[in-house]
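Subject: Structure handover and notes

Hello,

Here is the structure we talked about. Please open it alongside this message, since the notes refer to it throughout.

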Amino acid sequence: MMRTRTVCPFCGVGCGIYLLTQNGRAAGIEGDKECKANDGALCIKGLKAHEFIHNKDRLKSPKIGGKTASWGRAYEYISYKIRDIIRDHGPDSIAFFASGKCTNEENYLLQKLARLLGTNNIDMCARLCHAPSVVSLDESFGSGVMTNSLEDIGKADCFLIVGANPAEQHPVIFQKMLKAKKGGAKLIVIDPRKTETTKRADIHLQITPGTDILLLNAILNHLIENGLTDRQFIETRTKNFQLVKETVSKYALGAISKIIKVPEEDIAKAAEEYAKAERGSIIFGVGITQHITGVETALTLANLAMATGNIGKEGTGVNPLRGQNNVQGACDMGTLPDLFPGYKQVNKENALNLAALWRCERIPSESGLSALEIIDNIPEKIKGMFILGENPAISHPNLTHFEGAMKKLDLLVVSDIFPTETTKLAHVVLPACTWAEKGGTFTNTERRVQKIGEAVKPAGDSKPDWRIISELADKLYLGEHFKYDSPEEIFNEMKKTAPQYSFITYGTLENQGINWPCREGHAEGTKILYEKEFKTDDGLGLFHAAEYSPPAESTTEEYPYVLITGRAYPHFHSRSMTGRMPTLRKIAKNQKAYVEMAPSDAKAMDIKENGLVEVKSRRGGVRVRARISTSLQAGVAFMPFHFQETNRLTNEKYDPMVKIPELKYSVVQIRKAEA
Ligand SMILES: Nc1nc2c(c(=O)[nH]1)N[C@H]1C(S)=C(S)[C@@H](COP(=O)(O)OP(=O)(O)OC[C@H]3O[C@@H](n4cnc5c(=O)[nH]c(N)nc54)[C@H](O)[C@@H]3O)O[C@H]1N2
Ligand SMILES: Nc1nc2c(c(=O)[nH]1)N[C@H]1C(S)=C(S)[C@@H](COP(=O)(O)OP(=O)(O)OC[C@H]3O[C@@H](n4cnc5c(=O)[nH]c(N)nc54)[C@H](O)[C@@H]3O)O[C@H]1N2
Ligand code: SF4
Ligand SMILES: [Mo]
């Protein structure tokens, strides 16, 4: 049995693993006990990740129009089409989706290709996920990332978990929290549903969906009124507190408690537990970011941490739990329309610097289109797309609108490891290697950069994406900029563009990785940010007044239910991988779409468990099975988005600042359907 040190390919915890191989086949997985992200622990997805590598459905050769083609022919077809489109409509008529599943090196190359072709139209799943966290934490603290490390999370003595369900979505982090709980730490959870996480909570504030800003402002107001803030921290380390104090004074606990339907005593108790804790850690997820008020809500969390001095110390901080195994890394690599690698703003000066480094004439210096803007601009502005390792035909909102747009493209290229709902819409499908068949690095939610290792040979004619992108670039006459023989060569170029990585080498990553930023004299990386000062220009943390505003849609007589969408433990996103893992198929109760509804709602409509129902929104209607669940309050329904039906219902409208759609809040009608 051979053991290759690598990283779990599923979620942002980035658990260190050993992939076991025998006779060239993946045979099992063990947790890496030395890895501080997981201390050897794994959830079932990581433990069984080897199960999809050799699955019979793997894409093994390129396809043009559904027919098998050679790599040469596929590159020729794509490059001819791209050149044609650019000649007729300019470089901004092409757009790219990068991937939270692919390596740093591959994402770096994809944005380099986009920018050398002359466009900043590149975006990725972070837009549907934690884009608001990046912006709000950057505005508050000067950097848009998790403030503390995973090693550190277990040291908190109070967790305030807002809009996250780590028991199912980040299970190894949740184990750390439970261990701390055993040692006396308190667990407070804000979630409109009862979940596996809320079951273990000391206090569960089951709010009305979309009302977090009301609650969080009321909490801060209560702390101020009761002298529970850290005055010294506020005075010496922050500014703008007075403005926030005035704003939150309008959010009286008594009145707010009635609107959000949570008992006043529970809110007061939760607020006091967090403020009085020695080390209070805020953990948050997409339950707050997938709203058009995502930025404002995350700002209120930063306010709470600064007001109580719960930042810059062990066991504290404001910690967004990033989702995909390498979504943090893909963002670091600049696969975003307004940011170059290393979070450098797209502007003239930075474009000139990048062009000098890449030895090319020019890089576009105007921001490109974000993910949903790209879809909305097909076919008028956007004529061709390259999608790397994403399955938007399940994950994007309003799928009917999305599919309509895809069908109008002159060119759609998709690189994936399996056939998906998105590859079905593509003109050209490229077979990529899985993470087990290539080298490179992933960066997890705590900014830990880790190497992945080649453990088995590529399936069929599949290739690592870094090779695919480089070979395609060559056919686009950009070959001189893409001469790489290994991921390490790409990394060494990349770190010249992203200062956070500048002191990391493949050599120093040899064991369990390093948390960036990794500066001179800090080669071991940084585990806790802002110990002495924030990364803002003057070193002070900035309070922001954030006012409540309602979701984009409100319930009406015609659409009386609020639909929350999210996840279920045995599935990962579009199920391209988990749907092909025998162990997870066994655990999952369902491989088909369903809607959960409150018992009283089901009773009122005479809907029985597993009965057929029709769920309809302004975007369209679907027929699914009902599950009756005491986790939900009356008037609220839940659908996991692992099946296409869910995003047929969601709203594609996005907020004007970060352009995230309101995936967590759509209004729907539900009716009993005839079988
Ligand atoms: N098993 C599994 N694990 C995963 C994934 C997966 O698909 N499957 N995906 C990964 C990815 S990419 C991500 S981003 C993470 C996501 O992980 P989480 O952030 O935990 O994501 P969700 O479970 O979608 O939503 C979290 C919670 O938000 C709640 N919520 C909904 N609306 C509101 C609201 O208005 N206010 C508040 N306070 N809460 C609300 C939901 O009820 C839900 O329990 O998980 C990662 N891990
Ligand atoms: N309604 C609703 N919609 C949502 C959400 C929600 O909560 N509700 N959550 C949103 C969030 S947080 C996210 S992150 C997105 C996720 O949305 P996506 O990123 O579109 O979802 P995945 O299914 O993870 O897609 C990844 C694809 O990459 C492929 N892949 C895996 N490894 C490789 C590789 O090495 N190379 C290549 N080329 N391909 C590879 C997989 O087979 C899969 O098809 O969904 C969003 N959509
Ligand atoms: S917690 Fe996340 S990274 Fe760790 S084993 Fe589970 S899915 Fe993989
Ligand atoms: Mo995500």
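What follows is a summary of what was found in it, starting with the conventions.

This is a predicted model, in which local features need pLDDT of at least 70 and side-chain atom pairs count only at pLDDT 80 or more, while totals for chains, interfaces and linings use all residues. Residues are numbered from 1 along each chain as its sequence is written, chains are lettered from A and ligands numbered from 1 in the order in which they are written, and side-chain values use heavy atoms, with hydrogens and water left out.

Ligand 1

The shell around ligand 1 holds 35 residues, and the closest are Asp 191, Arg 193, Gly 210, Asp 212 and His 571. A residue is counted in such a shell if one of its heavy atoms lies within 4 Å of the molecule. By class, there are 13 nonpolar, 15 polar and seven charged residues in this shell. Here Ala, Val, Leu, Ile, Met, Phe, Trp, Tyr, Cys and Pro count as nonpolar, Asp, Glu, Lys and Arg as charged, and the others, Gly among them, as polar.

Three backbones make polar contacts with nitrogen of ligand 1: Tyr 569 at 3.0 Å, Ile 190 at 3.2 Å and Gly 163 at 3.5 Å. A polar contact is a pair of N or O atoms within 3.5 Å; within protein, one must be able to donate a hydrogen and the other to accept it, and residues adjacent in sequence count only if both atoms are side-chain atoms. Taken alone, ligand 1 exposes 920 Å², of which the protein buries 99%. These areas come from the Shrake-Rupley method with a 1.4 Å probe; for residues, only the protein chains shown count as cover.

Helix 6 (166-169), helix 14 (286-289) and strand 23 (561-566) are the elements that give two or more residues to the shell. Helix 14 has the largest share, three residues. Helices (H or I, at least four residues) and strands (E, at least two) are DSSP runs, numbered from the N terminus.

Asp 212, listed above among the closest residues to ligand 1, lies in helix 9. Asp 212 is buried, with a relative accessible area of 7%. Buried means under 20% relative accessible area, exposed over 50%, and partly exposed in between (1.4 Å probe, protein chains only). Not counting residues up to four places away in sequence, Asp 212 touches Val 162, Ile 190, Ile 207, Ile 288 and Thr 297, where contact means heavy atoms within 4.5 Å.

Ligand 2

Ligand 2 is surrounded by 32 residues, with Ser 395, Asp 416, Asp 465, Ser 574 and Asn 647 the closest. The classes here are eleven nonpolar, 14 polar and seven charged. A polar backbone atom of Ser 395 is 2.7 Å from a nitrogen atom of the ligand, and a polar side-chain atom of Asp 465 is 2.7 Å from a nitrogen atom of the ligand. The side chain of Arg 567 has an N or O atom 3.1 Å from a nitrogen atom of ligand 2. The protein covers 98% of the 930 Å² of accessible area that ligand 2 has on its own. The elements giving two or more residues to this shell are helix 19 (392-395), strand 17 (411-416) and strand 23.

Thr 565 is in strand 23 and is buried, at 3% relative accessible area. Its side chain reaches the backbone oxygen of Leu 663 at 2.6 Å.

Cores

The largest nonpolar core has 167 residues, of which Leu 113 and Phe 159 touch the most other members. A nonpolar core is a set of buried Ala, Val, Leu, Ile, Met, Phe, Trp, Tyr and Cys residues joined through side-chain atoms within 4.5 Å. Helix 9 (residues 212-225) supplies the largest share of this core, eight residues. Apart from it lies another core of 22 residues, including Leu 59, Ile 375, Leu 399 and Phe 402.

Backbone

Two cis peptide bonds are worth a look: Ile 378 to Pro 379, with omega near 5°, and Trp 516 to Pro 517, with omega near 0°. Positive phi outside glycine occurs at His 573, about 40°, and at Arg 575, near 65°. His 573 is in the loop between strand 23 and helix 23 (582-587), and so is Arg 575.

Regards
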